[in-house]
Amino acid sequence: MISTHSLHRILLKKILPSIFVFFLSSAAIAADGKKVFDQNCKTCHTLTDQTLTGPGLAGVTDRVPSDQWMKDWIKNSSAMVKAGDPYAVKVFNQFNKSAMTVFDGVLSEEEIDAVIAYIKNPPPDPSKKTETVSAGDEGGEAPKSSASKYYLWFTIFVLAVLVFSLRSTKRNLQNAVHRKKGLAPLPEYTIKEWMQHNKRTVALICIVLFFAGSKWGWDSLMAIGVYKDYQPSQPIEFSHKVHAGDMGINCEYCHSGASKSKVAGVPSANVCMNCHKAVSSGTMTGEKEIAKIYAAVGYNPKTQQYDQPSKPIEWVRVHTLPDFVFFSHQQHVVVGKQDCKNCHGDMEKKGVAHQENILTMGWCIDCHRKTAVPGMGENPYYEELHKKLAEMYKGQAITVDKMGGIECGKCHY
Amino acid sequence: MKKIIRIASFFVLTGVMVACGPKDKNSPGMEFMPDMYRSTSYETNGKTNVFADSMVNRLPASGTIARGYMPYPYANDSLGYENAGHYLKNPIAPTAEVIEKGKELYGKFCVHCHGSGGQGDGKMVESGKYPAPPPSYSGALKNLPEGKMMHTLMYGKGMMGSHAGQLNAEERWKVIRYIQTLQGVNFQTMNADSVFNARTGLAGKTEKKK
């Protein structure tokens, strides 16, 4: 019994390491190491210089005192810190005194060897390549559309000028021909004479101008106090498309007030830091914009400490309802079960925050007339009332306006 | 005559260009009676010059406790984590509605990292942008007691930040109920006490304390 035990020990201590050294470059061990690393280490460590909960492991085997130290540390780092190993204590203090998981009994000796081999020879990082590609194709989307509009108008203008100058050239040439042939030059009209000669055209132009003018006047009057398409530039180039679309983060993760209060709210920067503590380089703007979050919360990515002075981010408010109207997100999201999209549009596809709808009273009432109240009969408190409503509007859907949703006092008081 | 037509066309075209050109996105447009739009009272997330940090949102005065808020008794260190794991108990019974609500909240606040099945394979991790995939609830975290989950939601752990600002205590406990189903707990065959005791190994100890 004892002899087999010691045989095992000899196997583990002497023979296995030599086999391991022999197979150091072998793909089989590296692949195994990758599996061990992904399952046990990846949550806190990267293979690069980037620090997560624990240090980045690029070149770690050269940093630590010895290979044996590294193995002991993986097995039980807390014991080493308690025993007062100077390097262990230093690392422990450097990373906020968060103890590494004990792997003694979890990982076998071979697995530890394999993972160390894997850390020594990490595979090339594939994420770097995709980054540059996606940054290139998503960059200049917004400015392109507005610029193309300008180009269109500019082309129309140039063509119009061309038509007029060609007309006058043609006239000059005709006059020259007439002069040569000894004919009288083309008659010069004054505007008044021309108008007298072309009454129909004048009338047509007047009608067109009248309607175009009324439409323009009507539209500009209707746009007073309507913020539709308001899209102010923000202090940080935040993209809803990347966060809500590509990363699949729910609207309420950041705008968590929507189901609890009147305002959906702009998240405080600690919510940004839930992810950006680890993600320091963005899809579209690299490190430039994310560094602004770090500056706002006073975070130093090098030391992983909040040791700088903090300063709030001054986001520009996009949606504002007049002070004389009451609106609560909670009512609409929780009881009304409205999707954020119904009012704010597909933010997953659009980058910068903007006002999607006109948000006028007519728009509100339109929706209140059309939308059936969800969850009728779910709340026993209103059972009687809901029964009466069902009797009153036999067969019809109970929309918001049928239960007082368009009373003045509902929103204006 | 030619000149006049040319000048007139120029003005008309410029007018059309200005009127139909892209709107200035940085301006909300004209306002009728702005004083009825812009409140003199403070708006949420607004700005003020009364306080040095210019924020309208304030923290509660020190030493006060908001109504309905229970202070969290465990400290943000490894001892607090272990203690929470041993003694902190989910006050919310695992009814079907609670688990349903927990699932909804999980879908809003957890899924993008932890993945729909709690395997640590959310969209953010799969995109490769987020370097640290969270451990799996049915794997490494299979026996994680509910008190430790609460402690983590309260203070954060590893790369995960605190979610106490986004979820109140009740919501946190509901999410934890749902996560326990991802760990493989079948609540239909257990009551709240036996769940707690099974997960903490404290069977009998809680009785003695009373």
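These exercises work through a predicted model with chains A and B.

**Exercise 1. Chain A**

Task: Find how many helices and strands chain A has, and what percentage of its residues count as buried.

Solution:
- Step 1. Count the elements. Chain A holds 20 helices and zero strands.
- Step 2. Turn to burial. Chain A has 413 residues, and 17% of them count as buried.
- Step 3. Look at sequence separation. Take the contacts in chain A between residues at least 6 apart in sequence; 61% of these join residues at least 24 apart.

**Exercise 2. Where the chains touch**

Task: State how many residues each chain brings to the contact, and which helix of chain B gives the most.

Solution:
- Step 1. Count both sides. Chain A brings 58 residues and chain B brings 48 residues.
- Step 2. List the helices on the chain B side. H1 (2–20), H3 (96–109) and H5 (123–126) of chain B each supply at least two residues.
- Step 3. Pick out the main contributor. H1(B) gives the most to this side, with eight residues.
- Step 4. Sort by class. The side of chain B that touches chain A has 22 nonpolar, 17 polar and nine charged residues.

**Exercise 3. H3(B) and H7(B)**

Task: Decide how H3(B) lies relative to H7(B): roughly parallel or roughly perpendicular?

Solution:
- Step 1. Choose the quantities. Two packed helices are described by the angle and the distance between their axes.
- Step 2. Read them off. The axes of H3(B) and H7(B), residues 169–182, come within 7 Å and cross at roughly 95°.
- Step 3. Classify. Angles of 65 to 115 degrees count as roughly perpendicular, so H3(B) is roughly perpendicular to H7(B).
- Step 4. Find the residues. On H3(B) they include B:Val98, B:Ile99, B:Leu105 and B:Phe109. On H7(B) they include B:Glu171, B:Lys174 and B:Tyr178.
- Step 5. Sort them. This contact of H3(B) with H7(B) has eight nonpolar, two polar and five charged residues.

**Exercise 4. H2(B) and H6(B)**

Task: Describe how H2(B), residues 78–87, packs with H6(B), residues 146–155, and give the handedness of the crossing.

Solution:
- Step 1. Take angle and distance. The angle is about 135°, and the axes are 6 Å apart.
- Step 2. Classify. That angle makes H2(B) oblique to H6(B).
- Step 3. Add the handedness. H2(B) passes H6(B) in a right-handed crossing.
- Step 4. Name the partners. H2(B) uses B:Gly80, B:Tyr81, B:Ala84, B:Gly85, B:His86 and B:Tyr87. H6(B) answers with B:Gly147, B:Lys148, B:Met150 and B:His151.
- Step 5. Sort by class. The contact of H2(B) with H6(B) has four nonpolar, five polar and one charged residues.

Note on methods:
Residues numbered from 1 in each chain as written. Chains lettered and ligands numbered in written order. Predicted model: local features only at pLDDT ≥ 70, side-chain atom pairs only at ≥ 80, totals over all residues. Contact = placed C-beta atoms within 7 Å. Helix = DSSP H or I, 4+ residues; strand = E, 2+ residues; numbered from the N terminus. Nonpolar A, V, L, I, M, F, W, Y, C, P; charged D, E, K, R; others polar. Buried ≥ 20, exposed ≤ 12 C-beta atoms within 10 Å, placed from the backbone. Axes fitted to C-alpha atoms, helices over the stretch in contact; angles between N-to-C directions. Parallel < 35°, antiparallel > 145°, perpendicular 65-115°, else oblique. Left-handed = near helix turned anticlockwise from the far one by under 90°.
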